[in-house]
Amino acid sequence: HMDLVYFESPPGIQLLHCVAFGEDVVGGESVFVDLMAVAEELRVRDPECFAALSELPGSWQKIRHEGEHPAHFTYQRPVIKLNNKAEISSVTWAPPFESPVQLSLENTERWYRGYTLMARMVEDAPRHRFRLKPGDIVAFNNRRMLHGREAFS
């Protein structure tokens, strides 16, 4: 996933600091996927799907009802953001925070066709896996890389 995609300006460079990670713990390795590489592959494999995800806005939200300060954040942007040279400048991918797209029926079908293909490509993309040790810090571009962890067992 990516963090804080429901904000207008999600963090760019992000730091994850390992404070503790017992030697007896099994699993929990950090996992990263280069989404810009996936998006570039999508551009070549299916230009129509690439166009849909770079032109039509997806929707993301965070709803928190509990606590002293309930909140509901929403934001819409294309999954793939291009600069003025048609180069990919960022990719937004955070399935846990997706909300229904708000598009015409025709554009909704285009968007979901692109989304479905990209989702398959993300699943098949190379993973960079490693185990952090206490004191390690990993820095990465939150607008380019997916990050997560393997399950603990």
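## R77 and its surroundings

The side chain of R77 reaches the backbone oxygen of F7 at 2.7 Å. The R77 side chain also reaches the backbone oxygen of V5, again at 2.7 Å. These values come from a predicted model. R77 sits in strand β4, which spans residues 71-78.

R77 is buried, yet R77 has no salt bridge. The nearest side chain of opposite charge belongs to E8, 7.6 Å away. A salt bridge here requires a nitrogen-to-oxygen distance within 4 Å, so a 7.6 Å separation does not qualify. Beyond its neighbours within four places in sequence, R77 is in contact with V5, F7, E8, S9 and P10. Its other contacts in that set are L56, P57, G58, W60 and T92.

## Salt bridges

Side chains of opposite charge can pair when their charged atoms come close. The model has 7 salt bridges. Three of them are described here, beginning with a pair inside one helix.

R45 bridges to E41, with the closest N and O atoms 2.7 Å apart. Both residues are in helix α1, 4 residues apart, which means about one helical turn separates them. R45 is partly exposed, at 49% relative accessible area. E41 is partly exposed as well, at 39%.

R113 forms a salt bridge with D46, and here the closest N and O atoms are 2.9 Å apart. R113 belongs to helix α3, while D46 lies in the loop between α1 and α2. The pair therefore ties together parts that are 67 residues apart in sequence. Burial of the two partners is as follows: R113 is partly exposed at 43% relative accessibility, whereas D46 is buried at 14%.

D136 and K133 meet through their side chains in a salt bridge, at 4.0 Å from N to O. D136 is partly exposed, with 24% relative accessibility. K133 is exposed, with a relative accessible area of 51%.

## Nonpolar cores

The largest nonpolar core holds 30 residues. Those with the most contacts inside this core are L35, L42, V79, I80, W93 and M118. Four elements give two or more residues to the core: α1 (35-45), α2 (47-55), β6 (88-91) and α3 (105-124). Helix α3 gives the most, with 6 residues.

Take L35 as an example. Which residues is L35 in contact with, leaving aside its neighbours within four places in sequence? They are M2, V91, W93, M118, V122, R144 and L146. Another core, of 7 residues, lies apart from the largest one. Its members include F32, L132, V138 and M145.

## Strand β9 and its partner

Strand β9 covers residues 137-141. V138 and F140 form its covered face. I137, A139 and N141 make up the uncovered face. V138 also belongs to the 7-residue core.

Strand β1, residues 13-17, pairs with β9 in the antiparallel sense over 5 bridges. Within this pairing, Q14 stands opposite F140 of β9.

## S99

S99 is placed in strand β7, residues 98-99. Is S99 buried or exposed? S99 is buried, because its relative accessible area is 15% and the cut-off for burial is under 20%. Not counting residues up to four places away in sequence, S99 touches S59, W60 and Q61. W60 is also among the contacts of R77.

Technical notes: Residues are numbered from 1 along each chain as its sequence is written. This is a predicted model: local features need pLDDT of at least 70, side-chain atom pairs count only at pLDDT 80 or more; totals for chains, interfaces and linings use all residues. Side-chain values use heavy atoms; hydrogens and water are left out. A nonpolar core is a set of buried Ala, Val, Leu, Ile, Met, Phe, Trp, Tyr and Cys residues joined through side-chain atoms within 4.5 Å. Buried means under 20% relative accessible area, exposed over 50%, partly exposed in between (1.4 Å probe, protein chains only). Contact means heavy atoms within 4.5 Å. Two strands pair if DSSP finds at least two bridges between them. Lys and Arg count as positive and Asp and Glu as negative; His and the chain ends are not counted. A polar contact is a pair of N or O atoms within 3.5 Å; within protein, one must be able to donate a hydrogen and the other to accept it, and residues adjacent in sequence count only if both atoms are side-chain atoms.
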